[in-house]
Every structure is written in structure tokens, then in C-alpha cells.
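Hi everyone, thanks for coming. Could you please pull up the sequence and the model on your screens, so we can walk through them together?

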Amino acid sequence: MITPATHSTEHAELDCLIVGGGPGGLTAALYLARFRRRCLVVDAGCSRAALIPRSRNYPGFPPGISGTALLARLREQARGYGARIETGTVERIERHRLGFRVQFGARSCIARRVIIATGIEDTLPRMHDTQQAIDAGSLRLCAICDGYEVSGDNVAVYGEAECAIGHAAFLRTFSDHVSVIAPGATAADEQAIQLAAHYDIRLICAEVHELRPVDGGIEVCTVAGEKHRFDILYPCLGARFRSEVAQRLGIACDADGALRVDHQQQTSLPGLYAVGDVVSGLKQISVAIGQAAQAATAIHNSLEANPWP
């Protein structure tokens with residue numbers, strides 16, 4: 001007896017699903033929508049860009065623009081060309097004969113291509129009113145973005161000695177008053193200590209009891225009872241790459257969890273791309289949007305070359 005052949009009715013609902021609604025993910029959606037591709041952004045609402053009180057180094061906005069305002073503009077622009085943006089968290093991505101099956105919340109869909117644009121999560125110091133300090137500009141996360149605005153302020157970098165002193169040396173371009181708070185730093189950190197001395201960076205090795213926002217800055221209280229006040233504090237405590245959902249597919253990443261990509265932003269798994277801070281490299285919005293344009297164009301071209309299924 002011959003069993004009749006069966007044909008699956010499954011089809012790819014999307015040309016591309018984008019995981020993450022930061023500048024990189026939204027720019028990719030804009031490009032794909034303008035390429036007339038069916039695309040969906042699933043946004044967990046935790047873009048690092050939303051923490052920016054005002055960016056003055058993003059091209060095209062001479063007075064600067066807040067991170068939330070930039071994200072709102074990007075969402076409006078992408079939606080204007082037909083991109084869909086939904087709130088949710090992608091819990092699972094599986095390989096599928098048509099591309100990938102992506103699960104978020106109670107839903108799942110099949111997408112021919114996927115872009116990971118999940119970014120990183122900074123490790124922030126334990127303190128009261130962290131968001132207030134960020135909004136006030138006294139707690140800052142990126143010296144490359146806003147070092148120019150430091151301009152002579154009394155600045156501190158807080159973290160492990162070698163990393164913090166490297167950041168502080170960069171900040172000496174903008175201020176003569178730069179300190180490093182490196183609890184537990186010892187003579188074993190000789191090279192870092194010599195670097196601090198070379199750049200005339202004040203080194204505070206005492207254990208920290210409390211960090212607290214004060215009018216116009218941040219106060220650092222040590223276990224020994226000393227108090228140090230700074231206009232601006234940069235934490236240098238590391239960050240977590242939000243790459244877990246991609247790593248479960250077994251794709252290549254570095255020791256820190258940053259996803260490795262080729263010149264078209266494709267990961268080691270064909271059809272899966274990554275852009276922005278989740279990729280190893282310079283953590284800048286302008287870099288993320290350039291990578292997004294590259295990935296979206298590569299995806300469009302790959303779908304043109306292989307239009308079915």
C-alpha cells in the first residue's frame with residue numbers, strides 16, 4: 001500500500017524578525033520595510049539608549065537629543081513604512097526548515113531571517129536613585145559619547161583598577177581633575193598605578209560604603225568614613241551581553257558573550273544576523289545603525305537570491 005504524500009501547510013509569516021527595539025533594531029526594521037519586506041520588531045523595552053539624557057554626538061541633532069526621543073522618532077519612521085513593532089521578550093529561537101521559529105510570550109511565528117539586536121546591560125553601582133543620577137548627568141555610562149561635556153569638571157571613574165584607570169586616562173583629554181575609585185587596589189596593580197601617576201590621576205583605593213546623589217553631583221563615602229564629592233561619576237563595572245537566546249543555538253561568541261559576525265553582520269549560523277552592542281566592537285549608536293543597514297541589505301539580497309519558500 002502506498003501512503004499518499006503529505007504537504008506541510010506551514011509558511012513563513014515574516015521575512016525577518018528583529019529581536020530588540022533599540023537604534024540598531026529599529027533602523028534594520030526601517031530598511032527592511034522600505035525594501036518591502038515583512039518584518040516584525042519584538043521589543044522588551046530595555047534599550048540602553050533610553051538611559052541617555054541627551055546625546056550631543058549623534059549626527060544631525062546639533063542641540064542634542066534624548067535617547068527616548070530618538071527611539072520614538074525611529075519607531076514612528078519604521079512604522080510609517082509598514083514595519084510592525086510589538087512589546088515582548090523573545091524566549092526561544094529554533095531552527096526551522098523555512099528559517100527560524102521564534103517564541104515570544106504565548107506566541108510563536110516562523111521567520112525566514114532573524115536579527116539579534118538585544119544590546120548589553122551595564123552593571124551599575126549600588127546606590128539610591130540611580131535613575132535620578134543618570135537623568136541629572138552626574139552618573140554617566142559612556143565617556144566616548146559625552147566626554148566632551150566633562151570640560152574641566154571634577155570626575156571619577158569607579159571600578160577595578162586597570163579598567164578604571166584606562167577610562168580615566170581617556171577622560172584626562174577633557175579635564176585636569178580626574179580620580180579613580182578602585183576599592184582593594186594594591187601594589188600588585190603596579191602597572192595600573194604607574195599609569196595613573198603618569199596621567200596625574202588621583203587614585204582612591206578605600207572600600208566604598210555608599211554612593212549617593214547630591215545637588216550637582218555624587219558623594220562617595222568610604223568604609224573609613226571619608227567623603228569624596230564629584231561632579232560626574234563613570235562606573236566601570238562591566239556589562240552583560242544579552243546574547244543568551246542566540247547562544248542557545250550554539251553560535252560563535254567571544255569569551256564575554258559578544259556575538260561574532262562576518263562583514264555582512266551574519267553570525268556563524270546562516271540566516272541569523274546580529275547588530276549593535278550585542279556584537280563585539282565600539283558601543284555607539286552610529287555604529288549600531290550602520291551595522292543595521294548592512295544586515296538589512298544583506299538579508300534583502302539573500303531573500304532575492306532565494307525567494308522561496
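Let's begin with strand β8, residues 155-159, which is joined to β14 by five bridges, the two running parallel. Strands here are DSSP runs of E with at least two residues, helices are runs of H or I with at least four, and both are numbered from the N terminus. Two strands count as paired if DSSP finds at least two bridges between them.

Before we go on, a word on what you are looking at: this is a predicted model, where local features need pLDDT of at least 70 and side-chain atom pairs count only at pLDDT 80 or more, while totals for chains, interfaces and linings use all residues. Residues are numbered from 1 along each chain as its sequence is written, and side-chain values use heavy atoms, with hydrogens and water left out.

Back to our strands. Which residue of β14 stands opposite Val157? Tyr234 does, and Gly159 has Cys236 as its bridge partner. These strands belong to an open sheet of four, in the order β10-β9-β8-β14, with parallel pairing. β10 (202-204) and β14 stand at the edges with a single partner strand each, so one side of each has no neighbour in the sheet. On average, neighbouring strands of this sheet are turned by 20° against each other, direction ignored.

Is β14 mostly covered or mostly open? It is mostly covered, as five of its five residues are buried, meaning under 20% relative accessible area (exposed is over 50%, partly exposed in between, with a 1.4 Å probe and protein chains only). In a regular strand, side chains alternate between the two faces of the sheet. Here Ile232, Tyr234 and Cys236 point one way from β14, and Leu233 and Pro235 point the other way.

Now the helices. α4 lies across β8 and β14, and runs at about 160° to β14. α5 packs on the sheet as well, touching β8, β9 (178-181), β10 and β14, and its direction makes about 160° with that of β8. Contact means heavy atoms within 4.5 Å. The angles run from 0 to 180 degrees between N-to-C directions, using lines fitted to C-alpha atoms, for helices over the stretch in contact.

Some of these elements come back in the second largest pocket. At least two lining residues come from each of β7 (120-122), α4 (143-150), α5 (161-171), β14 (232-236) and β15 (239-241). A pocket here is an open set of points on a 1 Å grid over the protein atoms alone, where a 1.4 Å probe fits, with protein on both sides within 12 Å along at least five of seven lines; lining residues have an atom within 4 Å of a point.

Let's finish with one residue elsewhere. Val245 lies in helix α7, residues 244-247, and is buried, with a relative accessible area of 8%. Leaving aside neighbours within four places in sequence, Val245 is in contact with Val90, Glu91, Arg92, Ile93 and Ile116. Val245 and Glu91 are 154 residues apart along the chain, yet their C-alpha atoms are separated by 6.6 Å.

Ile93 takes us to strand β4, residues 90-96, which six bridges join to β5, residues 99-104, running antiparallel. There Ile93 stands opposite Val102, and a hairpin joins β4 to β5 through two residues.

Thanks, everyone, and over to you for discussion.
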